[in-house]
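These are my notebook entries on a single model. I record below what I looked up, entry by entry.

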Amino acid sequence: MRTILITGPGGSGRTTVAAATARAAAREGTRTLVLSADRTDTLGAALGATTGPEPTRITPDLTAWRPDATAGFRDDLTAFQERAAGVLDLLGAARLDAEEVTPLPGAEELSFLRALRDAALSERFDLLVVDLPPVADALTLLSLPEELRRYLRRLLPPERQAARALRPVLGRLAGVPMPSEWLYETAGRWDTELAAVEAVLADRNTTVRLVAEPGPAGAEALRSAGLGLALRGLRPDALVANRVLPERAAEGWLAGPVAQQRKTLEEWQASYDVTAVPHLGHDPRGTEDLAALPVPGVKDTGSTVEWPVVDRLADDGVLVWRLPLPGAIRDDLDLIRRGDELVVAAGRFRRIVALPSALRRCTVEGAALREGELCIRFAPDPGLWPGTR
């Protein structure tokens, strides 16, 4: 199964492009599901049908789905209260009824990620088109599984589960139930679910596609989005330049906007595989309008970019970790080594990554940014590297 993640600046028409991409694939006989994170039914407006919390069949090969975050959070909390019943009773806690539950911050994102995972692992579809939130929120969403798994590992290290056999004894000695068992079971289940989402996002059959309207605002948003995606190890497979005005309209008051779009398109073509989608003169509504949008089809390439470690021990005595970060500015970069992790900050984006095993036995010797690539030099630590003493 292939997955296309579509995002772009707010108001760029990304939902319409996602609907058109899904519809074009379905017309060719590909069993397609289009998944949207929008609270309002923008997806249904584009498709000319109502979509909601249950998958809706639009055509024989096209299904649309907008998961209900409130219902998902309510179900999760109810299940959690059931599993933690003993501890809650011990503490005298009053349980929440389903009717009084409202989603907490982050609940919508987690519900949507779970829906994405379930859809990607389903055998009912050949293609999953995901209408992500606007690009700033989409970058946060894409980083969530990795960050949460890191928090879980720090707060509840798996190795502590080795003491599981002692918990019943400790419980009898203390005279109260020990919550450790269900706590670790819950953490383990969350880690498994988050790992499944991470696997979908990092799969070679998953691609990221950007949508933007050519112009100064779109260009600035894409510069930021490109750097944010690069820090996640992702590179867009295509850029859809949406609502492009026709050249014949370059007269009168439209001459300025047309020239501005033309200049932006030329700049984008130097960095992206650009598909220009014309302005229809109205908001696309229904399958006929979607058919008039020449969106790019499904490609065989993935969006995951490797961060290779280059062995230069023989020549320079170092290993070089190469991180492609197009659009990064030297003064906005910051690196911090924390044990076996590296904190990489680029502008307003930040990521904590685990060092490859070979680099964990090294010390950082320096770093340089050259032609959009951050090269970090590591020298073997004599106390940890075999044969260097």
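Entry on the contacts of P324. I listed the contacts of P324 in this predicted model, leaving out residues up to four places away in sequence. P324 touches A230, V305, E306, W307, G372 and E373. I then looked up its element and found P324 in strand β10. Its relative accessible area is 22%, so I entered P324 as partly exposed, given that buried requires a value under 20%. I also checked a distance across the chain: the C-alpha atoms of P324 and L369 are separated by 9.4 Å, although the two residues lie 45 residues apart in sequence.

Entry on the pairing of β10. Which residue in β15 is the bridge partner of P324? I found E373 in that position, a residue that also appears among the contacts of P324. Strand β10 covers residues 318–324 and is joined to β15 by six bridges, with the two strands running antiparallel.

Entry on the hairpin. I followed β15 to its other neighbour. Strand β14 (residues 362–370) and strand β15 (residues 373–380) run antiparallel and are joined by eight bridges. The two strands form a hairpin with two residues between them. In that turn I noted a positive phi of about 50° for E371. Within this pairing, C362 stands opposite P380 of β15.

Entry on the sheet. I assembled the pairings into an open sheet of four strands, in the order β9-β10-β15-β14, with antiparallel pairing. The edge strands are β9 (309–312) and β14, each of which pairs on one side only. From one strand to the next, I recorded an average twist of 25°.

Entry on the cysteines. Are C362 and C375 buried or exposed? C362 counts as buried because its relative accessibility is 3%. C375 is likewise buried, at a relative accessible area of 13%. I searched the structure for disulfides and found zero.

Entry on the nonpolar cores. I looked up the largest nonpolar core, and it has 59 residues. The residues with the most contacts inside this core are L5, L35, V130, L132, W268, W321 and L325. Helix α9 (residues 216–231) supplies the largest share of the core, seven residues. Apart from this core I found another, of 23 residues, including I6, A19, L43 and L127. For context, I noted that nonpolar side chains tend to be buried together in soluble globular proteins.

Note on methods:
Residues numbered from 1 in each chain as written. Predicted model: local features only at pLDDT ≥ 70, side-chain atom pairs only at ≥ 80, totals over all residues. Heavy atoms only, no water. Pairing = 2+ DSSP bridges. Disulfide = S-S within 2.5 Å. Buried < 20%, exposed > 50% of the residue type's maximum accessible area, 1.4 Å probe, protein only. Axes fitted to C-alpha atoms, helices over the stretch in contact; angles between N-to-C directions. Core = buried A, V, L, I, M, F, W, Y, C linked by side-chain atoms within 4.5 Å. Contact = heavy atoms within 4.5 Å.
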